[in-house]
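This report describes selected side-chain contacts, a helix and its surroundings, a nonpolar core and a strand pairing. The discussion starts from one polar contact and widens from there.

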Amino acid sequence: HFYVSNEIDVTDALALRKQLNAGAGEDGVKISVNDLVIKACALALEKFPDVNSSFGDGQFIHHQHINIGIAVDIPNGLVVPVIRDANIKGVRSIAREAKALVEKARTGKLAPADFTGGTFSISNLGMMDVTNFVPIINPPEAAILAVSSARKVFVPINDQPVLRDIMPLTVSADHRVIYGAAVARFLQEVKRLLQNPYDLLG
């Protein structure tokens with residue numbers, strides 16, 4: 001394992017989420033921060049396919065599909081159901097699928113197909129007031145993203161302190177498969193997308 005961290009200004013992403021959810025209606029699926037992170041990672045993996053790789057049976061595998069595993073806390077442990085081809089799904093479709101998978105995980109109804117075939121994973125402890133953490137890679141994947149809690153922080157903009165929502169992210173990666181610079185560039189692209197959240201809707 002090695003680790004690369006960055007801090008993301010998610011002020012605009014949170015505003016977009018609020019706007020999308022306001023227009024969803026009572027029966028519409030609500031979009032979470034994690035859904036936006038899933039989409040950002042999926043698009044960044046398109047651009048940096050080395051991060052969407054595995055090492056197994058003595059060989060490197062570059063995956064053709066981008067299947068994002070989402071870590072779900074259940075009473076007797078942890079499961080990682082998979083959203084397949086997340087790069088070609090809309091944010092609301094991702095939200096609907098993620099909600100269904102989490103519900104199945106917590107009621108013990110996941111089928112084997114629901115938690116196999118992942119190529120990259122996300123572990124989000126943002127709802128638990130976590131400042132920072134480093135996750136363990138989910139084999140045979142090469143990387144996993146940790147999402148910590150967003151906090152209100154004064155940042156300098158045009159030499160003036162402005163209150164913004166800042167969210168720490170950390171990638172744990174397998175150095176046999178990918179190098180630090182590749183992971184840093186991937187994380188920079190995730191940051192760019194989350195800080196320009198309308199790019200997630202295209």
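In this predicted model, the side chains of Thr-11 and Asp-9 form a polar contact at 2.7 Å. A further polar contact, at 3.4 Å, links the side chain of Thr-11 to that of Arg-164. When neighbours within four places in sequence are left aside, Thr-11 is in contact with Arg-164 and Asp-165. Thr-11 has a relative accessible area of 17% and is therefore classed as buried, the cut-off being under 20%.

Thr-11 belongs to helix α1, which covers residues 11-22. This helix of 12 residues reaches 17 Å from its first C-alpha to its last, close to the 16 Å expected at 1.5 Å a residue. Besides Thr-11, the buried residues of α1 include Ala-13, Leu-16, Leu-20 and Asn-21. Their cover includes β1 (2-9), α2, α3 (91-106), β11 (160-173) and α4 (180-195).

A second buried polar residue is Ser-149, in the loop between β9 (143-147) and β10 (151-157). Ser-149 counts as buried because its relative accessibility is 4%. Its side chain reaches two backbone nitrogens, those of Asp-129 and Val-130. Not counting residues up to four places away in sequence, Ser-149 touches Leu-125, Gly-126, Met-128, Asp-129, Val-130, Ile-166, Met-167 and Pro-168.

The polar distances for both residues are collected below.

| Side chain | Partner | Distance |
|---|---|---|
| Thr-11 | Asp-9, side chain | 2.7 Å |
| Thr-11 | Arg-164, side chain | 3.4 Å |
| Ser-149 | Asp-129, backbone nitrogen | 3.3 Å |
| Ser-149 | Val-130, backbone nitrogen | 2.7 Å |

Attention now turns to nonpolar packing. In soluble globular proteins, nonpolar side chains tend to be buried together. The largest nonpolar core has 52 residues, of which Phe-120, Ile-122, Leu-145, Leu-169, Phe-186 and Leu-194 touch the most other members. Helix α2 (residues 33-47) gives the most to this core, contributing 9 residues. Outside its neighbours within four places in sequence, Phe-186 is in contact with Cys-41, Ala-44, Leu-45, Phe-48, Val-51, Phe-120 and Val-171.

Finally, strands β2 (residues 53-56) and β3 (residues 59-62) pair in the antiparallel sense over 4 bridges. Within this pairing, Phe-55 stands opposite Phe-60 in β3. The hairpin of β2 and β3 has 2 residues between the strands, and Asp-57 takes a positive phi near 55° there.

Definitions and conventions. Residues are numbered from 1 along each chain as its sequence is written. This is a predicted model: local features need pLDDT of at least 70, side-chain atom pairs count only at pLDDT 80 or more; totals for chains, interfaces and linings use all residues. Side-chain values use heavy atoms; hydrogens and water are left out. Two strands pair if DSSP finds at least two bridges between them. A nonpolar core is a set of buried Ala, Val, Leu, Ile, Met, Phe, Trp, Tyr and Cys residues joined through side-chain atoms within 4.5 Å. Buried means under 20% relative accessible area, exposed over 50%, partly exposed in between (1.4 Å probe, protein chains only). Contact means heavy atoms within 4.5 Å. The expected span of a helix is 1.5 Å times one less than its number of residues. A polar contact is a pair of N or O atoms within 3.5 Å; within protein, one must be able to donate a hydrogen and the other to accept it, and residues adjacent in sequence count only if both atoms are side-chain atoms.
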